[in-house]
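Reader: Could you walk me through the terms used for this model, one by one? I would like to see each label set against its definition.

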Amino acid sequence: MNHKIIPADPKAGYLAAQTEIDAAIKRVLLSGHYILGPELEAFEKDFSAWLGVAGTVGVANGTDALELALRAAGIGPGDKVVTVANTVTATVSAIGASGAKPVFVDVEPETMLMNLDGLEQLLTKMRDPRIKAVMPVHLYGQAVDMPRLMSLAEQHRLIVIEDSAQAHGATVGGKKTGVWGHLAAFSFYPTKNLGALGDAGAVTSNDPALLEQVRLLRQYGWRKRYVSDLPGRNSRLDEIQAAVLSVRLTRLEIENARRSQLAQMYLTALKGSRLKLPSVAEGRTHCWHQFVVRTNRRDDLRAFLEKRNIICGVLYPVPVHRQPAYHDAALSLPHTEEACAQVLSLPLHPGLTDEMVERVAREVVNFFESGSASQN
Ligand SMILES: *Cc1c(COP(=O)(O)O)cnc(C)c1O
């Protein structure tokens, strides 16, 4: 039997830097300082420098990063936040946790990112003063058209909070995601392009006042110990994870370059197949968090590959407005719904060899050439 090919491999990321990571963890263990110390400070500085942003505040996870960014910007009960429905529910649960309500817009059929024509129409038609913010999701590792989104936001006086949890290193107009909005949220969940060995996240911003708000909110609203200036929470990024992230950050550009190489291999090998391949919009770079193809035979193709020991992901099978917790029967988002029915993530991560990617591509071609696909 062929070696199993998995959709993501955080252990390979650990093994690639094992000596350094083990040393970093040991350093923290022996320091006796486990929460909000020098390791987190160093990581926040390194991440800001790498991203090209004024500041980073480490928090417990990506969902908290989104929620605390909203709260820092003053978004709360009675407010509405525009976002998309083809995202992890975390985007929407963070809006709910802030006290605000989500408003969904459809996506572009090509990129599957927020449709900015749709956003503009919604803002000019609804003229709803409760809409205070927009939360674009840089889905799969491709940036939303931020120059246009920022000018729309300025026109309508909206706060912009980027969900950059899948886009560590994606650029638009030569600048990385996470530097465009008033605030941005990153997740360092183990399978993300920059992953910790546990939960972690961060908020970035160029506005020192907003960064200070997030810093207060992540620890009970304390400016001074044991005295809350505002009703905060506990959402801290611990020293061990920060030390691991500092090591992993030094390899991020290399790993993203490898992702890009493997993506090019897929694009070449699958050109001319019946799959709809991912498209990268002009002026943007993709950081290939996911390599997402589309077909009406998605479930059959997935089962075919699984039988051959190739495991694919589906991000996301059910759009948020069709899930029980957020169900809205009156809302129709045709391009979002179509995308969720068709998308399949082919395995792509820096732990894959060329041969593995060739094998996946070969089996995909086999699927379409065999009887498996001829019934539709
Ligand atoms: C991973 C992810 C999140 C949530 O991050 P967690 O660290 O799991 O809380 C939010 N939005 C998107 C788009 C993500 O991919």
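Author: Gladly, beginning with a definition: a salt bridge is a side-chain nitrogen of Lys or Arg within 4 Å of a carboxyl oxygen of Asp or Glu. This is a predicted model, where local features need pLDDT of at least 70, side-chain atom pairs count only at pLDDT 80 or more, and totals for chains, interfaces and linings use all residues. Residues are numbered from 1 along each chain as its sequence is written, and side-chain values use heavy atoms, with hydrogens and water left out.

Reader: Why is the pair Asp-117 and Arg-148 called a salt bridge?

Author: Their side chains come to 2.8 Å, N to O; the limit is 4 Å, so the label applies. Asp-117 belongs to helix α6 (residues 116–126) and Arg-148 to helix α7 (residues 146–155), 31 residues apart in the chain. Helices here are DSSP runs (H or I, at least four residues), and strands are E runs of at least two, numbered from the N terminus. The structure holds 22 salt bridges.

Reader: What makes Lys-192 a polar contact of the ligand?

Author: A polar contact is a pair of N or O atoms within 3.5 Å. A polar side-chain atom of Lys-192 lies 2.6 Å from a ligand oxygen, so the pair qualifies. Gln-166 also qualifies, because an N or O atom of its side chain is 2.8 Å from an oxygen atom of the ligand. For Gly-62, a backbone N or O atom lies 2.8 Å from a ligand oxygen.

Reader: Which residues are the closest to the ligand, and how many surround it?

Author: 14 residues surround the ligand, and the closest are Gly-62, Thr-63, Asp-163, Ser-187 and Lys-192. A residue counts as near if one of its heavy atoms lies within 4 Å. Helices α4 (62–72) and α5 (89–98) each give two or more residues to this shell.

Reader: What is unusual about Tyr-140 and the bond between Leu-315 and Tyr-316?

Author: Most residues other than glycine have a negative phi, and most peptide bonds are trans. Tyr-140, not a glycine, has a positive phi of about 70°. Leu-315 and Tyr-316 are joined by a cis peptide bond, with omega about 10°.

Conventions:
Polar contact = N/O pair within 3.5 Å; in protein donor to acceptor, adjacent residues only side chain to side chain.
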